[in-house]
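Reader: I should like a close look at one part of the model shown below. Please take the charged side-chain contact as your starting point, and connect it with whatever surrounds it.

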Amino acid sequence: MLRWLIVVFLILIVFSGLQPWLQKLGFGRLPGDFRFRLFRREWFLPITSTLLLSMLASLVAKWL
């Protein structure tokens, strides 16, 4: 369980870093992707985009 939490945390960090590039592709604007301001900082939780990319990676892994 702890391993999955670490993986999800790392994925969120990667998405935050790649956010400008992924927004050009349409990710980050899907329903279920949350963006809010807290403590004078903008936070981004790409829940739907993460699920979509996870399913895509799963399909690619099954195909290979």
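Author: A salt bridge is counted here where a side-chain nitrogen of Lys or Arg lies within 4 Å of a carboxyl oxygen of Asp or Glu. The model is a predicted one, and a search of the whole structure finds one salt bridge in it. The partners are Arg35 and Glu42, whose side chains meet with an N to O distance of 3.0 Å. In general terms, side chains of opposite charge can pair when their charged atoms come close.

The setting of this pair may be described from the chain as a whole. The chain has three helices and two strands, and their order along the sequence is α-α-β-β-α. Its C-alpha atoms fill a box of roughly 45 × 30 × 20 Å along the principal axes. Of the 64 residues, 16% are buried. Neither partner of the salt bridge is among the buried residues: Arg35 counts as partly exposed because its relative accessibility is 35%, and Glu42 is likewise partly exposed because its relative accessible area is 41%.

The hairpin itself comes next. Strand 1 covers residues 33–38 and strand 2 covers residues 41–46. The two strands run antiparallel and are joined by six bridges. Within this ladder, Arg35 has Phe44 in strand 2 as its bridge partner, while its side chain meets that of Glu42 in the salt bridge. Phe34 stands opposite Leu45 of strand 2. As a general point, side chains in a regular strand alternate between the two faces of the sheet.

Where the strands connect, two residues lie between them. Phe39 is found in this loop, and Arg40 has its place there too. Phe39 takes a phi near 60°, a positive value in a residue other than glycine. Arg40 also has a positive phi of about 60°, although it is not a glycine. Phe39 is exposed, because its relative accessible area is 75%; Arg40 is exposed as well, because its value is 82%.

Beyond the salt bridge, a second contact involves a charged group. The charged end of Arg41 sits over the ring of Trp43, at 5.1 Å from the ring centre. Trp43 belongs to strand 2 and is partly exposed, because its relative accessible area is 37%. Pairs of aromatic rings are a separate matter: a search of the whole structure finds zero of them.

Trp43 is also one of the residues in a nonpolar patch on the surface. The other members are Phe34, Phe36, Leu38, Phe39, Leu45, Ile47 and Leu51, and the patch together has about 810 Å² of accessible area. Phe39 thus appears both in the loop between the strands and in the patch. Since a residue must have over 30% relative accessible area to enter a patch, the 37% of Trp43 meets that condition, as does the 75% of Phe39. Strand 1, strand 2 and helix 3, which spans residues 47–63, each supply at least two residues of the patch. Strand 1 gives the most, with three residues.

Two distances place the hairpin relative to other segments of the chain. Gly32 lies in the loop between helix 2, residues 19–25, and strand 1, and it is partly exposed because its relative accessible area is 27%. The C-alpha atoms of Gly32 and Ile47 are separated by 6.0 Å, although these residues are 15 apart along the chain; Ile47 is a member of the nonpolar patch. The other distance concerns Phe39 in the loop and Gly17: 22 residues apart in sequence, they are 19 Å apart in space from C-alpha to C-alpha. Gly17 has its place in helix 1, residues 2–17, and is exposed, because its relative accessible area is 58%.

In summary, the salt bridge of Arg35 and Glu42 is accompanied by the placement of Arg41 over Trp43 and by a nonpolar patch to which both strands and helix 3 contribute.

Note on methods
Residues numbered from 1 in each chain as written. Predicted model: local features only at pLDDT ≥ 70, side-chain atom pairs only at ≥ 80, totals over all residues. Heavy atoms only, no water. Phe/Tyr/Trp six-rings, centres within 6.5 Å; stacked < 30°, edge-to-face > 60°. Lys NZ or Arg CZ within 6 Å of the ring centre and 35° of its normal. Patch = residues over 30% accessible without salt bridge, like charges linked within 9 Å, V, L, I, M, F, W, Y side chains within 5 Å. Areas by Shrake-Rupley, 256 points an atom, 1.4 Å probe, with all protein chains shown as cover. Helix = DSSP H or I, 4+ residues; strand = E, 2+ residues; numbered from the N terminus. Buried < 20%, exposed > 50% of the residue type's maximum accessible area, 1.4 Å probe, protein only. Pairing = 2+ DSSP bridges.
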